[in-house]
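Got a model to poke at? Let's go through it in question-and-answer form.

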Amino acid sequence: MDSAELWSQLAALGQVIAIDLVLAGDNAIVVGMAAASVPLAQRKRVIFWGIAAAIGLRIVFALLTTQLLAIIGLTLAGGVLLLWVCWKMFRELRSGGQDEVAPDEAMDAPAPDSVGAAAAGGNSVRAAVWQVVVADVSMSLDNVLAVAGAAKDHPTILVIGLLLSVALMGAAANMIAHVLHRHRWVGWLGLAIITYVALDMIWRGSNEVLSHTAGLG
């Protein structure tokens, strides 16, 4: 392996790690905020199922990544999707994240008002878990596409990145959520990297579509 190839792989690995850190923390914040909206006695269930859904969806999307990226036009679509994620991240970072709650903070947050207590029979819990699952579908796909886009033509880096995203979501997401909340510059750095990956995917995806279209003609 020459030095140029080594630096290319190291740069890709650095991008993948940054993406995994930021998106794992964002996912944990979504879980924490959903848990904080239900009665205290039910919060552990919301946190458990929320994190389990995130891990499961990442594994499913990771297994399908190679097949998905072989579809002409999906790289372009993935880049556009990531650009939308960047816009949402930008708005959240600009607002300062005043309402963010991590999973462990949710366990100490004040209980919901009487309206939430009235729903303690289970509807509130189901609604919170459903909210997390819907968010997880988008965020897990975003994570896998971002990692695949950063890894580019380095399959080893792709595998490492996908395994790392699952490991971080299961073991360190709560800690990462705190880091992102207290040190906003980490989020801005992650936003810059994901924006670069999104634009690169749009560029490469557009070229793929144009080449395929020209080939058909």
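What follows is a set of questions and answers on the fold, the cores and a few single residues.

This is a predicted model, where local features need pLDDT of at least 70, side-chain atom pairs count only at pLDDT 80 or more, and totals for chains, interfaces and linings use all residues. Residues are numbered from 1 along each chain as its sequence is written, and side-chain values use heavy atoms, with hydrogens and water left out.

Q: How many helices and how many strands does the chain have?
A: Helices (H or I, at least four residues) and strands (E, at least two) are DSSP runs, numbered from the N terminus. Reading along the sequence gives the pattern α-α-α-α-α-α-α-α-α. So, with those runs as the rule, the tally is nine helices and zero strands.

Q: Among contacts between residues at least 6 apart in sequence, what share joins residues at least 24 apart?
A: Contact here means heavy atoms within 4.5 Å. Take the contacts in the chain between residues at least 6 apart in sequence, and the share joining residues at least 24 apart is 90%.

Q: What percentage of the chain's residues is buried?
A: Buried means under 20% relative accessible area, exposed means over 50%, and partly exposed is in between (1.4 Å probe, protein chains only). As for surface, the chain exposes about 11200 Å², with carbon and sulfur atoms supplying 69% of it; these areas come from the Shrake-Rupley method with a 1.4 Å probe, and for residues only the protein chains shown count as cover. Out of 217 residues in the chain, the buried part is 44%.

Q: How do H1 and H8 pack: what is the angle, and what is that arrangement called?
A: Helix H1 (residues 3-35) and helix H8 (residues 173-182) have axes 8 Å apart and an angle of about 95 degrees. Axes are lines fitted to C-alpha atoms, for helices over the stretch in contact, and angles run from 0 to 180 degrees between N-to-C directions. Angles under 35 degrees count as roughly parallel, over 145 as roughly antiparallel, 65 to 115 as roughly perpendicular and the rest as oblique. That makes the H1 and H8 pair roughly perpendicular.

Q: How do the residues of the contact of H1 with H8 divide into nonpolar, polar and charged?
A: On the H1 side you'll find Leu21, Val22, Ala24, Gly25, Asp26, Ala28 and Ile29, meeting Ala173, Asn174, Ile176, Ala177 and Leu180 in H8. Ala, Val, Leu, Ile, Met, Phe, Trp, Tyr, Cys and Pro count as nonpolar, Asp, Glu, Lys and Arg as charged, and the others, Gly among them, as polar. The split is nine nonpolar, two polar and one charged.

Q: Which residues touch the most other members of the largest nonpolar core?
A: A nonpolar core is a set of buried Ala, Val, Leu, Ile, Met, Phe, Trp, Tyr and Cys residues joined through side-chain atoms within 4.5 Å. The largest one has 34 residues, and H1, helix H2 (43-69), helix H3 (74-95), helix H6 (123-151), helix H7 (155-171), H8 and helix H9 (184-216) each supply at least two of them. A second, separate core of 14 residues includes Ala35, Val101, Val125 and Ala128. In the largest core, the residues you're after are Ile19, Leu82, Met89, Ile194 and Val197.

Q: Is Asp20 buried or exposed?
A: Asp20 sits in helix H1. Not counting residues up to four places away in sequence, Asp20 touches Asn143, Val147, Gly161, Leu164, Ser165 and Leu168. The C-alpha atoms of Asp20 and Leu168 are separated by 7.5 Å, though they're 148 residues apart along the chain. With a relative accessible area of 0%, Asp20 is buried.

Q: Which residues does Gly78 contact beyond its neighbours within four places in sequence?
A: Gly78 belongs to helix H3 and is buried, at a relative accessible area of 2%. Leaving those sequence neighbours aside, its contacts are Leu145 and Met201.

Q: Is Trp130 buried or exposed?
A: Trp130 is part of helix H6, and its C-alpha atom is separated by 8.7 Å from that of Gly50, 80 residues apart along the chain. Since its relative accessible area is 59%, Trp130 is exposed.
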